[in-house]
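User: I'm new to this one and would like a close look at a single part: the strand pairings in chain A. Could you walk me through them, then show me how that part sits in the rest of the model?

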Amino acid sequence: MTDAPPRPVRKVVIVGRDEALWLTAAVLQRTFARSDLSFTAVELPSLLRPGEVLPTLDSQASFHAQLGLEEEVLMRALGATFTLGQQYVGWAKNAPPVFVGYSSTGVAVQNVPFHHLWLRARASGLSVAYEDFAINAACAKHGRLLTREAELSGFAEAGRGYHLPAAPYGEMLRQVALKRGVRHLPAAHVSPVVQGAQMSAVVLSDGQTVEGDLFIDTTGSEARLLSQMPETGFTSWRHWLPFDRLLTSYAAPATPLPVFAQITAFRSGWTGLFPLRDYTALQQVYTTDELSDDEAFEAAATVARVSLNPQATVTPFEAGQRRAWSGNVIGLGDAAAVLDPLGSARMPALLFGLSHLTALFPLDTGGLESAVYNRTVAQVYARLRDAQILLYSLNKRRDQPVWDRLRSQSLPPELAYRLELFSACGHMPMYDEETFDEAWWIAACLGHGRLPAAYDVRADQIAEPDLIRHFQSVLGYVRKQVETMPTPDAVSRAATV
Amino acid sequence: MAPLRNITILGGGTSGWMAAAALSRAFAPGTCTIRLIESEEIGIVGVGEATLPQVRDFNTWLGLDEAEFMRATNATFKLGIEFRGWGASQSYHHPFGVHGQSAGGIPFHQLWLKARTFMDPGPIEDYAFPIRLARENRFDFPVEDPKSIRSTYDYAYHFDAVLYARYLRQWCEARGVQRIEGQVTGVDQNAETGFVERLTLASGGSVDGDLFIDCSGFRAVIAGQALNLGWEDWTPWLPCDRALAVPCERTDDLTPYTRATAREAGWTWRIPLQHRTGNGYVFSSRFSTEDRAREVLLGALDAPAQAEPRLLRFQAGRRTASWHRNVIALGLASGFLEPLESTSIYLSQIALTFLMRLMPDTRFDPALAREFNRLIDIEYERVRDFLILHYHANSASEGPLWDYVRTMPVPDSLREKMALFRHRGYVQRYKDGLFSPASWIAVFMGQDVMPAAFDPQADGLGEDGIRDYLKRLKRKIDANLAVLPSHADFVAGHCYDPDSGVTHD
């Protein structure tokens, strides 16, 4: 596979920018601090846009713990906020918003999963929405934060993500990495030196040559290093994910502070509002076929009903992926897979690539680990992509070309398979490498109105009065928990004192 | 929806009665007729059965009382399997548990591998609580507190499978399952749809059903003989195709583990029950005559035999579709993998778990069967790879069988796994299917598939850190071990029945 015999990995060069660069540098330096490895971070100019936000899932917290970043400090110093999920507005005309949160929904009875019970009750007239049985959705609706003090045992599994302001977050990670001893070389641009199937060095804009045994590409979608390696061509997902522009801007902070992101569909795309302590971040995703950038800005303000800062940035993107590990170069984040921003999937994709790299950190330049690494991360990225395609496909915005197409297009085989089964019997198959759990997939389907033709026959065996009592007790529990939870403003105030 | 009202199970072995029990537990009383056809004339496979911890979930779900069930089935506890003669050490254990105890997310064997570069840490098995427990013939229940070393293992049972089937039968009949004595002579299918409509019996009667579950063992009366569903042969990887089974008298020490000893043309099992010991020799007819196999088996017994050895024939492989239209093949009718890792009851159980999740109504949506078969394939293939590993990586045994398995090409999935382990001790975790990284690590290390290097994450603890960690771990294991009772005493106190185990032959 390689031209020269493998040599041990000693010098690791990470080239990139912003949170992807510094998260990678900080985590690797922390994990391998006592190993015979040196880490150099070559920092390219930032591509962050004013008001940019990094929405995360709950997996972020364990990375922070590993780096010794305390949650309270994060909230206080950065003005980050908690998020319990996403509220989808306008996914169907004249339908109420749909909340898809990071928690379980309801409680099983005699091993019969709750959603089957709900389907049965719905067939006999129950009108309570599925999401009303979910603790995260209920907290979000009532403006309450679900804190660690909540009594969840036996009733619910719940998580929460963050909305992180990108610039200060990246800066904080940089400090952590540098304090831990990562060597820092800023550069305006770099030129990779590739010999055969191996990268030997990068030449920085100032002429300096930085040699390495292993190169990690966190340069973003241009994949400045990885794209120079054999067999790393880009596989586009545009036929499934047609949006190609991301508009970023911001508005005044919201009061009271919502504990969720609001995603509002409009004719040519969607507009997302991500509340932060000091501002409200806005992301708008759309297609250039339908909207010029100026029109997009106007649409954003109209759709989001906020007064936007005119300093808006437009970034073109194309969803897709490339082989993440080729020779001695490994791409992380957008360098390996560009995901549509829907569903906050970008940050978890970066994290998974990084944690899997930590577990398989190559011992030498032979890259024996690359096959299993590539297969695993490709599955992770594809399942994240499927989750996004699912959300898009569940829209009911009729007579709007983009949305009609998203609703009727043929799906990737793994997604088509799981949807077909779910539609038949209400069972959601799960694959090996899933970021979103079964509860999420079911909540997304049921919330957006994809109702199975049948439910588990065992649900019929529970006596009606017992079932009603069960529903009442779940709703009662949810109500009681919500009442005891604080508002995010109260938590934020307490943290600032 | 038109729910199932009538389910017919063919075959009353362990898997047949497990199916009956699971279904009668799943359907509310009176909502579905469940019938099981069995014949006293047909023998049941299983002399002393070793299980996996998952069987406890099944029993718990049914609401069985553990002590009562153990008394009724002549059962003992099982902490894992001792493999003799498969590696240079002559004996290693594959425990229901882990080596070591969590150390900041770094796998224990990596710390041990690193330790070997600067000290002599001793055998890795010294750091596995369940292995130490097993080697000293002690037993007690694990605890839940994750800080305790006694939380690092799980347990299963050895029992008499015939008694287990009988125990489940009583449980089922008390809940309305109807047992029909008879031999099936015909399978009637609908001419248009191919759906099975009824089974005709030798007595002249017939039994109809919405759903048929074929638990008729290797004969696969419905799935094989009538529907002729395809069979994938795995003999090239797993050449053993015969077993001789014989019970012998119990020895004084009651081992809390199964023993699997490599022999010239296969391996012998030793399964301790309360009153006797089950033994068997799994061998390949390509590499041994039956007479020679009988000699090997009888020579391997550690107490006088109680009967003449019984011969069983089989073929490693699985049915390409276990669920077809309104027929589901379960147990040996659906696939066979030799009992080297005690997986046979598990494979019936997991199929029932999938069926519970994918319970059809009378429309039998093909999407359900497709998903069922997909999941079953994953289960069988993962067990298959793990079994092949034992043979392929056997570094100790001699003879033509062993020369064959050591040099045969193995599935790509296994070859990659072995290469990664040899390179750096890495084992990829998978979501579905048996055998966690801990199991793979135990067998790799036990059979001398040694990593050339360790995972650099193990550097995180530092040399002094590792030295100190290993010392404390060993002390913790010693201290906890000393206070636990012997397996024999524990069984006597918990579930011993002086009258059980003599009720059949």
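Analyst: Start at A:Asp217, whose bridge partner in β21(A) is A:Gly331. Keep in mind that this is a predicted model. The pair belongs to a parallel match between β12 (residues 214-218) and β21 (residues 329-331) of chain A, held over three bridges.

Now zoom out a little. β12(A) and β21(A) are neighbours in an open sheet of six strands, which runs β8-β2-β1-β12-β21-β20 in chain A. The pairing in that sheet is mixed. At its edges you'll find β8 (183-186) and β20 (325-326) of chain A, and each of them pairs on one side only.

Next, have a look at the stretch of chain A that comes before β12(A). Here β9 (residues 190-195) and β10 (residues 198-204) of chain A pair in the antiparallel sense, over six bridges. In this pairing A:Val190 sits opposite A:Leu204 of β10(A). The hairpin they make has two residues between the strands, and A:Gly196 takes a positive phi there, near 65°.

β10(A) also pairs with β11 (residues 209-211) of chain A, again antiparallel, this time over three bridges. If you want a spot to click on, A:Val202 has A:Val210 in β11(A) as its bridge partner. The hairpin of β10(A) and β11(A) has four residues between the strands, and A:Gly207 is the one with a positive phi, near 95°.

So what lies around these strands? One place to look is A:Ala25, which touches A:Ile14, A:Phe39, A:Ala41, A:Ala177 and A:Val182, leaving aside residues up to four places away in sequence. Both A:Ala25 and A:Ile14 are among the residues that touch the most other members of the largest nonpolar core, and B:Ala19, B:Ala20 and B:Ile222 are on that list too. This core counts 321 residues, with α10(B) giving the most, 12 residues. As a rule, nonpolar side chains in soluble globular proteins tend to be buried together.

That core brings us to chain B. Where the two chains meet, 30 residues of chain B are in contact with 23 residues of chain A. On the chain B side, the elements that give two or more residues are α10 (366-392) and α12 (412-424). The largest share, five residues, comes from α12(B). Sorted by class, that side has 15 nonpolar, six polar and nine charged residues.

For a smaller sheet to set beside the one in chain A, try the three strands of chain B in the order β3-β7-β4, an open sheet with antiparallel pairing. β3 (49-50) and β4 (76-78) of chain B stand at its edges with a single partner strand each, so one side of each has no neighbour in the sheet. β4(B) pairs with β7 (residues 156-159) of chain B over three bridges, in the antiparallel sense, and B:Thr76 has B:His158 in β7(B) as its bridge partner.

Finally, chain B as a whole: it has 15 helices and 22 strands. Its radius of gyration is 23 Å, close to the 23 Å of the globule rule for 505 residues, so chain B is as compact as a globular protein of that length. Its C-alpha atoms fill a box of roughly 75 × 50 × 50 Å along the principal axes. Buried residues make up 52% of the chain. Of the contacts in chain B between residues at least 6 apart in sequence, 77% join residues at least 24 apart.

Notes:
Residues are numbered from 1 along each chain as its sequence is written. Chains are lettered from A and ligands numbered from 1 in the order in which they are written. This is a predicted model: local features need pLDDT of at least 70, side-chain atom pairs count only at pLDDT 80 or more; totals for chains, interfaces and linings use all residues. Two residues are in contact if their C-beta atoms, placed from the backbone, lie within 7 Å. Ala, Val, Leu, Ile, Met, Phe, Trp, Tyr, Cys and Pro count as nonpolar, Asp, Glu, Lys and Arg as charged, and the others, Gly among them, as polar. The radius of gyration is taken over C-alpha atoms; the globule rule is 2.2 Å times the number of residues to the power 0.38. A residue is buried if 20 or more other C-beta atoms lie within 10 Å of its own, exposed if 12 or fewer, and partly exposed in between; C-beta atoms are placed from the backbone. Two strands pair if DSSP finds at least two bridges between them. A nonpolar core is a set of buried Ala, Val, Leu, Ile, Met, Phe, Trp, Tyr and Cys residues joined through C-beta atoms within 7 Å.
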